[in-house]
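Dear colleague,

I am passing on the structure we spoke about, with the sequence alongside it. My notes on what turned up follow below, and I would be glad if you read them with the coordinates open.

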Amino acid sequence: MLVVTEIAELAEGVRHNNPPDSHCHEFTSAEVEAADTIIRLLDMGNALNWRIGEALFAKLLFNKNRPYKHGKQF
């Protein structure tokens, strides 16, 4: 749920015209919340001994040969 909360905060930032973040002023609120989402995912993966970095690399290689949007409109 912590990851979901970060994504909800990202959406709220966008809904409010994506102002500068209140703590990291050089970034928008959406940028900071996206970073927070990644941090939460990596933290969870570390706690569960997941190999997220390796899975990410493998998925990027796999997606490289897939059609744009997997052939779908959206």
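The side chains of Arg40 and Glu6 form a salt bridge, with N and O 3.4 Å apart, and this pair connects distant parts of the chain, since Arg40 belongs to helix α2 and Glu6 to helix α1, 34 residues apart. Please keep in mind throughout that this is a predicted model. The two partners differ in burial: Glu6 has a relative accessible area of 7% and is therefore buried, the cut-off being under 20%, whereas Arg40, at 34%, is partly exposed.

In total, three salt bridges were counted. Another of them joins the side chains of Arg15 and Glu12 at 2.5 Å, N to O; these two residues both lie in helix α1, three residues apart, which is about one turn of the helix. Arg15 is exposed, with 60% relative accessibility, while Glu12 is partly exposed at 35%. There is also a salt bridge between Arg51 and Glu54, whose closest N and O atoms are 3.5 Å apart, and both of these residues are exposed.

The Arg40 and Glu6 pair leads on to the packing of the two helices that carry it. The axes of α1 and α2 are 8 Å apart and make an angle of about 170°; because angles over 145 degrees count as roughly antiparallel, that is how the two helices are described. On the α1 side the contact involves Leu2, Val3, Glu6, Ile7, Glu9, Leu10, Gly13 and Val14, and these meet Ser29, Ala30, Glu33, Ala34, Asp36, Thr37, Arg40 and Leu41 of α2. Sorted by class, the residues in this contact are eight nonpolar, three polar and five charged.

As for α2 itself, this helix covers residues 29-47, and its 19 residues should span 27 Å at 1.5 Å a residue, which agrees with the 27 Å between its end C-alpha atoms. Its buried residues are Ser29, Ala30, Val32, Glu33, Thr37 and Gly45, and they pack against both α1 (2-15) and α3 (52-64). Ser29, which is located in α2, has a relative accessible area of 10%; setting aside neighbours within four places in sequence, Ser29 is in contact with Gly13, Asn18, Pro19, Pro20 and Asp21. Just after α2, Asn49 adopts a positive phi of about 60°.

With best wishes

Technical notes
Residues numbered from 1 in each chain as written. Predicted model: local features only at pLDDT ≥ 70, side-chain atom pairs only at ≥ 80, totals over all residues. Heavy atoms only, no water. Helix = DSSP H or I, 4+ residues; strand = E, 2+ residues; numbered from the N terminus. Expected span 1.5 Å × (residues − 1). Buried < 20%, exposed > 50% of the residue type's maximum accessible area, 1.4 Å probe, protein only. Contact = heavy atoms within 4.5 Å. Axes fitted to C-alpha atoms, helices over the stretch in contact; angles between N-to-C directions. Parallel < 35°, antiparallel > 145°, perpendicular 65-115°, else oblique. Nonpolar A, V, L, I, M, F, W, Y, C, P; charged D, E, K, R; others polar. Salt bridge = Lys/Arg side-chain N within 4 Å of Asp/Glu carboxyl O.
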